[in-house]
Amino acid sequence: MQQHDITVIGGGLVGSALALGLAAAGQRVLVLDGADLSARASRANFGLVWVSGKGLGNPAYARWSYEAAKLWPAFARDLAARSGLDVALDQPGGYSFALSSRELDEITADMARITEETGGEGAPWRSLSRAELLREIPGIGPDVVGATHGSADGHVNALRLFHALHRAGAAAGVTYQAQRIVERIEPRASGFHLTGAWGEITTPRVVLAAGTGTEALAPMVGLRAPLRASRGQIVVTERVSGRLPFLSAIIRQTDEGSVLIGDSDEGDTAEIPGNPEIAALLGARAIRVYPPLAQLGVVRSWTGFRVKPLDGAPIYDHSAHHPGAYLVLCHSGVTLAALHALRVAPKIAEGAQQIGPSAFSSARFHVPA
């Protein structure tokens, strides 16, 4: 039987980025993943490399997101060289549109507060009046009163990124096994005994990166991964030959021509079927922002469940009770992919006790209410 130095539980964007980084650091890596139809965020996300608005009240998260965005161009080039796939990274900067003066004031105040809290170390941004916005986006809707623009924001082809990480990992020696949902982790003197309906293995070290499945696994190695429910819905239009003149957190055009419309956050459901009323609201707001979208036909929509820690910030941890067990959990699997492969994975490879900024330890959830 082939021996491995470390096992990553979860082969989504987070797990596959970590696996690639671990292999690049000289580790023999095994990835245990779920099934093709598992409810994974990696196949249902919006594809943004997004910094704007992240880290309000948490400057460590704002700095971390900005660092990730700056790493992305080199990471995308390296990933293309390793996998033969272009993930279509585009970082033109992103707009956050306001449909009322109050909304514009709130968005601007939040961005200003992030700048203040980070001591100016957050991503650059600017505020635009309606007149200024019209000069940059002539077709903007009459209800848009202004916007903010973050220069570090961008997007990728998310499914191609998922494929590229897996292909690059395989080329680097990562062993990937699907249909291997881990149901139990038992710490032992020789490492960690992992079991599921598929069988069992023992591994010297383990990384929990199973998305929403991590919450149940974490206590088995003395860690915590509290999540809040968050389902999102995305509407997809037909492909068009022209290019959308902007990128935003709720409207983006893929490199293949389709326009994606999203931004719903439903915390009161565990059902996967979409809600037509929410889809209609998403479309209506998008048309108010950019009226030409009304001419496009909708071809499909999908839903997905976000991996969202209670406070929205990532969790990076090493178990003090069971050394060799690590946890990586975050909402922004696309944005943070470069950091996970280039910063977090090498720390895990060297056996570090702290693999991310101290602000992202799960110890923050131990504070009494």
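**Exercise 1. How many cavities of 30 Å³ or more does a search of the whole structure find?**

Setting: this is a predicted model, in which local features need pLDDT of at least 70, side-chain atom pairs count only at pLDDT 80 or more, and totals for chains, interfaces and linings use all residues. Residues are numbered from 1 along each chain as its sequence is written, and side-chain values use heavy atoms, with hydrogens and water left out.

Solution.
- Step 1, the term. On a 1 Å grid over the protein atoms alone, a cavity is a set of points where a 1.4 Å probe fits but cannot get out; lining residues have an atom within 4 Å of a point. Grid points are joined across faces, edges and corners, and a volume is the space filled by probe spheres set on the points.
- Step 2, the count. The search returns one cavity of 30 Å³ or more.
- Step 3, the volume. The largest cavity holds about 100 Å³ of space.
- Step 4, the lining. Its wall is formed by Val51, Ser52, Gly53, Lys54, Met111, Ile114, Thr115, Gly122, Ala123, Pro124, Trp125 and Gly150.
- Step 5, the main contributor. Helix α3 (residues 101–117) gives the most to this lining, with three residues. Helices (H or I, at least four residues) and strands (E, at least two) are DSSP runs, numbered from the N terminus.

**Exercise 2. Describe helix α5 (residues 158–171) by its span, its buried residues and its ends.**

Solution.
- Step 1, span. α5 has 14 residues and reaches 20 Å from its first C-alpha to its last, close to the 20 Å expected at 1.5 Å a residue. The expected span is 1.5 Å times one less than the number of residues.
- Step 2, burial. Buried means under 20% relative accessible area, exposed over 50%, and partly exposed in between (1.4 Å probe, protein chains only). In α5, Ala158, Leu161, Phe162, Ala164, Leu165, Ala168 and Gly169 are buried.
- Step 3, arrangement. Viewed down the axis of α5, the buried residues fall within an arc of 165°, so they line one face of the helix. The arc is that of the directions from the helix axis to the C-beta atoms. An α-helix has 3.6 residues a turn, so residues three or four places apart point the same way.
- Step 4, the other side. Here Leu159, Ala170 and Ala171 are exposed.
- Step 5, packing. The buried residues of α5 pack against α1 (13–24) and α2 (59–83), where contact means heavy atoms within 4.5 Å.
- Step 6, ends. At the start of α5, a side-chain oxygen of Asn157 comes to within 3.4 Å of the backbone nitrogen of Leu159. After α5 comes Gly173, with a positive phi near 105°.

**Exercise 3. Are Leu293 and Lys308 buried or exposed, and what does each touch?**

Solution.
- Step 1, Leu293. This residue sits in the loop between α7 (276–289) and β16 (298–305). Leu293 is buried because its relative accessible area is 8%.
- Step 2, its contacts. Not counting residues up to four places away in sequence, Leu293 touches Leu244, Ile251, Val259, Ala286 and Ile287.
- Step 3, Lys308. This residue is in the loop between β16 and β17 (315–318). With 14% relative accessibility, Lys308 counts as buried.
- Step 4, its contacts. Under the exclusion of residues up to four places away in sequence, Lys308 touches Pro226, Leu227, Arg228, Ser230, Asp265 and His331.

Note on methods: A polar contact is a pair of N or O atoms within 3.5 Å; within protein, one must be able to donate a hydrogen and the other to accept it, and residues adjacent in sequence count only if both atoms are side-chain atoms. On a 1 Å grid over the protein atoms alone, a cavity is a set of points where a 1.4 Å probe fits but cannot get out, and a pocket is an open set with protein on both sides within 12 Å along at least five of seven lines; lining residues have an atom within 4 Å of a point.
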